[in-house]
Amino acid sequence: MTSSPLAHLDEQTQELLATIAKTTTLEALVEAEPALIGKRSILSTLQKSLGSLEPEDRRSAGALLQEARRVVEAALSERRAVLQREARSRQLERDRLDLGDVLDAQVSHPLSVGHPGLIAVTQRELEDVFVGMGFTVADGPEVESDWYNFEALNIPPAHPARDMWDTFYVELGDPETVVLRTHTSPTQIHLMEEAVAHGTLPIHSVMPGRCYRRDTPDASHLYSFHQIEGLVVDRGITFADLAGVIETFTRAYFGPDITSRLRPAYFPFTEPSAEFEVTCTICRGEGCRTCSHTGWIELGGSGMLDPVVLEAVGIDGEEWSGFAFGFGIDRCAQMRHQVSDMRALIENDTRFLEQIS
Ligand code: DAH
């Protein structure tokens, strides 16, 4: 058998199997296939050489060769299957969408939840101070008739004081004229009318809300701003009560080292009237640019209710007296948080809004 063409069949088969096992890609396997089992492969060459054998030997040699080919082909198809699986999982790996990155981004930049703005926060703080002093909080309309915004407050048509409260008119000239309110003072009229209608005097209320004026926006003016109005109608009310309420509020809201002062002024609906000023919160009264070196900042107006106003709403001025005040919520926010430009309050710039909590 040493001279048999199949003398080295085992080693040759092992070599073919080793080649198959060493092939690492599907492409290389396809390329190697003709050399492994094709017409020019060793197995085919051996097949051809069997012709020289005796028929008897040829048959048994043929069977051996066939078995060798079966083993090689089986190894080939098994290897092909393995390489195909590997190629597929490499493809899947390449196509994988890494949602981990998306989740990480979500965790490090979570959707932010909003919060009340500076005006809303300030309004609540002011309400809190007054509620603590025994006041109730009332609301009034932003759209008013000429009567509530002006006439009932003793500002008749053509009165020069109207200049101070120029606004957005829907129609000019008659008492039914509709205006965007220029101050929160008309809410005083609503409250007094209701109290008279329901017999619920006395009144101790504050009325916060949005107002409008024909102002061109600049660092200290806005066409839309907020005020808080105060109204007390009771028996035996004096100017000392007004001064006491203003001073108590000032210290409670701005702190014990800030104080208030009242200076004579004119408002058509109060008599006497006073401007209400507080120690400048920037320089603490030393004098600086913000307070024009006076040490004081004007916050609003105040005064004893004019008998003409009490009469307009049907309150007996002999039995009842009272005082009122009104000042800017935006101004309070600006002073307490040192906002140098009021326009920041309405611009909705998130870099500003995010500083408020
Ligand atoms: N309404 C006035 C204004 O906007 C402020 C004011 C002054 C309100 C005197 C009052 C007051 O209640 O008594 O300029």
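**Ser220 and the ligand site**

Ser220 is partly exposed, with a relative accessible area of 33%; that value falls between the 20% cut-off for buried and the 50% cut-off for exposed, which is why the label is "partly exposed". Keep in mind that this is a predicted model. As for where Ser220 sits, look at the loop between strand S4 (203-212) and S5. Glu78 makes a handy partner for a quick distance check: 142 residues separate Ser220 and Glu78 in sequence, and their C-alpha atoms are 84 Å apart in space.

Now for the ligand. The space that the ligand takes up is the largest pocket. There are 16 residues around the ligand, and those that come nearest are His183, Ser185, Arg213, Gln227 and Glu229. Sorted by class, this shell holds 9 polar residues, 5 nonpolar ones and 2 charged ones. Three strands chip in with at least two shell residues each: S5 (224-234), S8 (296-305) and S9 (321-328).

Zooming in on single atoms, Arg213 has a polar side-chain atom lying 2.9 Å from an oxygen atom of the ligand. In the side chain of Gln227, an N or O atom is likewise 2.9 Å from a ligand oxygen. With Ala324, it is the backbone that takes part: one of its polar backbone atoms is 3.3 Å from an oxygen atom of the ligand. As for how much of the ligand is covered, on its own it has 360 Å² of accessible area, and the protein covers 94% of that.

Methods. Residues numbered from 1 in each chain as written. Predicted model: local features only at pLDDT ≥ 70, side-chain atom pairs only at ≥ 80, totals over all residues. Heavy atoms only, no water. Near = heavy atom within 4 Å. Polar contact = N/O pair within 3.5 Å; in protein donor to acceptor, adjacent residues only side chain to side chain. Areas by Shrake-Rupley, 256 points an atom, 1.4 Å probe, with all protein chains shown as cover. 1 Å grid on protein atoms, 1.4 Å probe; cavity = no way out; pocket = protein on both sides within 12 Å on 5 of 7 lines; lining within 4 Å. Sits in = over half its atoms within 2 Å of the grid points. Helix = DSSP H or I, 4+ residues; strand = E, 2+ residues; numbered from the N terminus. Nonpolar A, V, L, I, M, F, W, Y, C, P; charged D, E, K, R; others polar. Buried < 20%, exposed > 50% of the residue type's maximum accessible area, 1.4 Å probe, protein only.
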